[in-house]
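Have the model open in your viewer and your selection tool ready. We will go from stop to stop, picking residues and looking at what surrounds them.

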Amino acid sequence: MEAMQTNSERRPFSIKLWPPSQNTRIMLVERMTSNLSTPTIFTQKYGSLTKEEAEENAKQIEEVAFTAANQFYEKEPDGDGSSAVQLYAKECSKLILEALKRGPVIKSREVPTSDAVLESLFDISKGPRAFIEAEEAEELLAPLKNPSNTYTKICFSNRSFGLGAARVAEPILSSVKDKLKEVDLSDFIAGRPEAEAIEVMNIFSAALEGAALKSLNLSNNALGEKGVRAFGVLLKSQSSLEELYLMNDGISEDAARAVAELVPSTEKLRILQFHNNMTGDEGAHAISEVVKRSPLLEDFRCSSTRVGSDGGVALSEALEGCAHLKKLDLRDNMFGVEAGVALSKALVKHENIVEVYLSYLNLEDEGTIAIANALKKSAPLLEVLELAGNDVTPAAASALAECLESKQHLVKLNLGENELKDEGAIQISNALEGLTQLKELDMNTNAIRRAGARVLAKVVVDKPDFQLLNIDGNYISDEGIDEINDIFKKSPKMLGSLEENDPEGGDEDEKESDEEGDGDGHGEENELESKMKSLDVEGDKE
């Protein structure tokens, strides 16, 4: 009782900011789920998660941030909790970015859900991220010791193995490796000292040597060259790999050379992913050698890998031989025009390609036009095209429109963070008119005004399966915003946020022409729309 009175005397009238209510915590999880799964500047750069993955990540992020902030608050209970609230928010922001950089969790290929098939996956990744030592490893891995087990896939992700746990796992893995087809060791040494982590990787590599794997995931392990070579015994023994994931692994140019050296057999490789590494141009040359040896490649991801023009050209030339390519993700590199033109020569050969992610590559108009012309001649089944953040102006809009108008399977188009303005937006709109399967259109931050925004809204609002139009960050007048909202009044969820729109932005001359015209302010805009609508989209005259 004495303690309670003392505490009361210390802060008799203070407003308590911590802990947050359960309702506040739930609302934060919902907001983070949205941030992880819907278009933002960060999801455009790193890719978004599915709604299910986003919700799972958001719950874990909130729990970790809440625990850290609560521990901080308990150390200074005399405060009003504002410092804990700040830490809570800061931790959430940091962990959201980490989740996006890690990218989606690679899931096993879909298979029929019979009891026998369900028993084929042994997965200890559920639950909070945590260290695992010898005693817990004995308990967790016990089912693998059963001689009658039917496991062909193992997932040890999200648990950090120490030396003791690795030594427990070694004989168990050796005993089941002849059955294994898929192994996921992503994020399995987090927080361990380098020497211990290398030794753990050596143990796992030796234990699994000779396993005839179809899929191997070593992502999120900060491998570097030492880590890649620690897995050398396992990598060298593989002759049937179809999927290899090395994302967020600190793959430098030396590590990339080690990969090229230690993965000698890639004839059956279908999926190769190197997202978020520091590969650089020299590393890209090494990876291009792996690509050249992978004629069956269907899915290649080398995004956020610091590759410049020289490395971009090397990768593009290597991709020319991948006739089966269906998905290509090279986002967030420094290709420039020369590499963009080189890439267009590869894309023209990819008849089967379905998803193309080429945002933030510094392509400019010349590179974008070359790629648009290439895709126009190929890719009849194209579903996703992303070319955000490439300094694209209206000069490239005609080529883009010609490419898009024939893509009847197009589901998602992202041309955000360019400089297309009204002129480009209206040409793109014309091309999208007949594309009935379109679900998402992103034209954010393109210096678009009322005329362009109105045409974009009208062209998508009645599409049967359309889900989201993002035109935020433009220069749409207040009257234009009202008009856009009116167009979407029956389906407001299809219109993204307009909070970052700047009705006062842009050049003064453009603003003046936007405001001139007839009494309702539509004169100049209607003239521009009419002029652009009458443009013929001409075919390739070559």
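Select Glu 483 first: at 17% relative accessibility, this residue counts as buried, where buried means under 20% relative accessible area, exposed over 50%, and partly exposed in between (1.4 Å probe, protein chains only). Now add Arg 454, which is buried too, with a relative accessible area of 1%. The two side chains meet in a salt bridge, 3.2 Å from N to O; the term stands for a side-chain nitrogen of Lys or Arg within 4 Å of a carboxyl oxygen of Asp or Glu. This pair links distant parts of the chain, with Glu 483 in helix H21 (residues 478-487) and Arg 454 in helix H20 (residues 450-461), 29 residues apart. Helices (H or I, at least four residues) and strands (E, at least two) are DSSP runs, numbered from the N terminus.

A word on what you are viewing: this is a predicted model, in which local features need pLDDT of at least 70 and side-chain atom pairs count only at pLDDT 80 or more, while totals for chains, interfaces and linings use all residues. Residues are numbered from 1 along each chain as its sequence is written, and side-chain values use heavy atoms, with hydrogens and water left out.

Next, pick Arg 301 and Asp 329. Their side chains form a salt bridge of 3.3 Å, N to O. Here the link runs between strand E9 (residues 299-301), which holds Arg 301, and strand E10 (residues 327-329), which holds Asp 329, the two being 28 residues apart. Are these partners buried or exposed? Arg 301 is buried at 7% relative accessibility, and Asp 329 is buried with a relative accessible area of 3%. Keep both selected and add Arg 331, Glu 386 and Lys 412: together the five are linked in a network of salt bridges.

For a pair in another setting, go to Glu 194 and Lys 226. Both residues are exposed, and the closest N and O atoms of their salt bridge are 3.0 Å apart. Glu 194 belongs to helix H10 (residues 194-208) and Lys 226 to helix H11 (residues 224-230), 32 residues apart. How many salt bridges are there by this rule? The count comes to 30.

Now for the second largest pocket, with a volume of about 600 Å³. A pocket is an open set of points on a 1 Å grid over the protein atoms alone, with protein on both sides within 12 Å along at least five of seven lines; lining residues have an atom within 4 Å of a point. To find the centre, select Pro 39, Thr 40, Asp 472, Ser 497 and Glu 500, the closest to it of the 19 lining residues. Helix H2 (22-37), helix H3 (41-46) and strand E15 (468-470) each give two or more residues to the lining, and H2 gives the most, with three.

Move on to Ser 406, in the loop between helix H18 (397-404) and strand E13 (412-414). Ser 406 is partly exposed, with a relative accessible area of 41%. Show Leu 435 as well: the C-alpha atoms of these two residues, 29 apart along the chain, are separated by 8.2 Å.

Last, look at two cysteines. Cys 92 is buried at 4% relative accessible area, and Cys 155 is buried at 10% relative accessibility. A search of the whole structure finds zero disulfides, a disulfide being a pair of cysteine sulfur atoms within 2.5 Å.

Notes:
On a 1 Å grid over the protein atoms alone, a cavity is a set of points where a 1.4 Å probe fits but cannot get out, and a pocket is an open set with protein on both sides within 12 Å along at least five of seven lines; lining residues have an atom within 4 Å of a point. Grid points are joined across faces, edges and corners, and a volume is the space filled by probe spheres set on the points.
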